[in-house]
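User: Hi! Could you walk me through this model with me?
Analyst: Happy to, let's have a look.
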Amino acid sequence: METTQKPKEIIGHLMVLSTIVIYSFNTNFMKILMPEWIGPHGLVLIRCTVMAFGFWIISLFIPANKQQAKPKRKDIFMMMLGGLLGIGGNLLLYINGLNITGPVDAFVIRTVQPIIVIALAVLILHADFNRYKAIGIVLGLAGTLYVSITPHAGAVKDSFTGDVLIFVASVFNALYLILIKPYTQKFNSVIVMRWMSLAAFILVLPFGLHQTLEAPLFTSEAPVHIWLELGFVLIFATMIAYFLNLKALLYISPFVESVYIYLLPITGAIVSISLGLQKFSWHDPIALVLSLQDSH
């Protein structure tokens, strides 16, 4: 039993690790795209549109599996709810927050996600709760608050509002991980992504239509590197990373998957500094250390 389970767990770990590398570049590329070339709502709409069309087309070529039951109305509703939380709502909040704060701030704040998973597991799944988890939650929230109220060097806006939006996006994503895991066991991952992406598209359409139609990206001539960065965001961060994150839930728990977020401040900051988007401040290691305490 253990010998067959271990390789599957390794696959899950490799999937999530791949998404961390993708997100390290993705957040920085989005920071370059916004708001000069496209507004945050417009970028969210383009991502959700590509995701919805992509997974619906791919799903047409998936052969029917007699061992897997067809999703019922309740299943479809729950998968679409997962799409509203983990894709549509998460992207709207995160990208709007990123638009008015720095990428390093965003990476550090995202490390609060594992403690949100723990808190939600206690509330929803009635998981065990002890004083160590309570201390971890307090310290993790302290790290998030610290990075939100301290200034950072570099050409970024220090925005408490932006940091709060990113924090709420992490709450949405944590809830999504817990909610959607049972459906990754019941149905093909592409089918799950099909319904989730459809719900996300419906949610963001009224928000992003105006910004998309009037985006300088489409109304003026953009440099080649802008199109390459947009292509990376759409293909790797939107189609591949979301699929890998969902597929990984087949092999590892939502908490284990969310723990990998602790790598983002390191890998993401390296990319941010290399691109000159933000200077790393001595405040960031302090905030990161506080956030890391919840894993102990």
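Analyst: One term to start: buried means under 20% relative accessible area, exposed over 50%, and partly exposed in between, with a 1.4 Å probe and protein chains only. This is a predicted model, so local features need pLDDT of at least 70, side-chain atom pairs count only at pLDDT 80 or more, and totals for chains, interfaces and linings use all residues. Residues are numbered from 1 along each chain as its sequence is written, and side-chain values use heavy atoms, leaving out hydrogens and water.
User: Great. Which residue forms a salt bridge with Asp 75?
Analyst: Lys 186 does, and the closest N and O atoms are 3.2 Å apart. A salt bridge here is a side-chain nitrogen of Lys or Arg within 4 Å of a carboxyl oxygen of Asp or Glu. The count by this rule is one.
User: Where do the two partners sit in the chain?
Analyst: Lys 186 is in helix H7 and Asp 75 in helix H3, 111 residues apart. Helices are DSSP runs (H or I, at least four residues), numbered from the N terminus.
User: Is Lys 186 buried or exposed?
Analyst: Lys 186 is partly exposed, at 40% relative accessible area, while Asp 75 is buried at 9%.
User: New topic: which class leads the lining of the largest cavity, nonpolar or polar?
Analyst: Nonpolar, with 12 residues, against eight polar and three charged. Ala, Val, Leu, Ile, Met, Phe, Trp, Tyr, Cys and Pro count as nonpolar, Asp, Glu, Lys and Arg as charged, and the others, Gly among them, as polar.
User: And which helix gives the most to that lining?
Analyst: H1, with seven residues. Lining residues have an atom within 4 Å of a cavity point, on a 1 Å grid where a 1.4 Å probe fits but cannot get out.

Technical notes:
Helix = DSSP H or I, 4+ residues; strand = E, 2+ residues; numbered from the N terminus.
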